[in-house]
Amino acid sequence: MKKYFLILILIAVVAVAWTGLSVFLEYTRTTSSDQPVIVEIPQGASETQIAEILKEKGVIDYEINFKLKMLTSKHRGKLNYGKYLLYKKMNIDEAIEILAH
C-alpha cells in the first residue's frame, strides 16, 4: 500500500513540475515562430476573452501567463479591438505591445 502511495506522490510531483516548467518557459519566451496568424479581437473583449482568443489561435500556450503579464503591464485595460497579424508561440510582451497600438 505504501509503495502505491509513494508512486502516486511521485507522479503528482512530476506532473506539477512539468506544468510549472512549461508555464515558466512560455512566460519567459523571447522569440516567436515564423508562422503568422490573423487574430481578430472583438470590440469590448475583456483581457480574459483576449487570452482565450490568443490561446485558440496558437499565439500563447497558457491563458494564465497572458493574464499575469497584464497584471503588471502599462497597457492593462488599454488593449484595442481589431484584426492583427501575430505569430504562433509569440513572445507575450510583443503581443501585448501590438494589441495596445
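**Strand pairing and salt bridges in a predicted model**

In this predicted model, strand 1 and strand 2 run antiparallel to each other and pair over 6 bridges.

Biologist: Which residue of strand 2 is the bridge partner of Ile38?

Modeller: Strand 1 covers residues 36-41, and Ile38 is part of this strand. Strand 1 pairs with strand 2 in the antiparallel sense, and the partner that Ile38 meets across this pairing, in strand 2, is Leu85.

Biologist: Which side chains of strand 1 point to one face and are buried?

Modeller: The side chains alternate along strand 1, and Pro36, Ile38 and Glu40 point to the face where they are not buried. The other face is taken by the buried side chains, and these are Val37, Val39 and Ile41.

Biologist: How far apart in sequence are the parts that Asp61 and Lys89 tie together?

Modeller: Asp61 and Lys89 form a salt bridge, with 2.6 Å between their closest N and O atoms. Asp61 sits in the loop between helix 2 and helix 3, while Lys89 sits in the loop between strand 2 and helix 4, so the parts that this pair ties together are separated in sequence by 28 residues.

Biologist: Is Lys69, which forms a salt bridge with Asp93, buried or exposed?

Modeller: The closest N and O atoms of Lys69 and Asp93 are 3.1 Å apart, and the pair ties together helix 3 and helix 4. Asp93 has a relative accessible area of 38% and is therefore partly exposed. Buried means under 20%, and because Lys69 has a relative accessibility of 13%, Lys69 counts as buried.

Terms used
Residues numbered from 1 in each chain as written. Predicted model: local features only at pLDDT ≥ 70, side-chain atom pairs only at ≥ 80, totals over all residues. Heavy atoms only, no water. Salt bridge = Lys/Arg side-chain N within 4 Å of Asp/Glu carboxyl O. Helix = DSSP H or I, 4+ residues; strand = E, 2+ residues; numbered from the N terminus. Buried < 20%, exposed > 50% of the residue type's maximum accessible area, 1.4 Å probe, protein only. Pairing = 2+ DSSP bridges.
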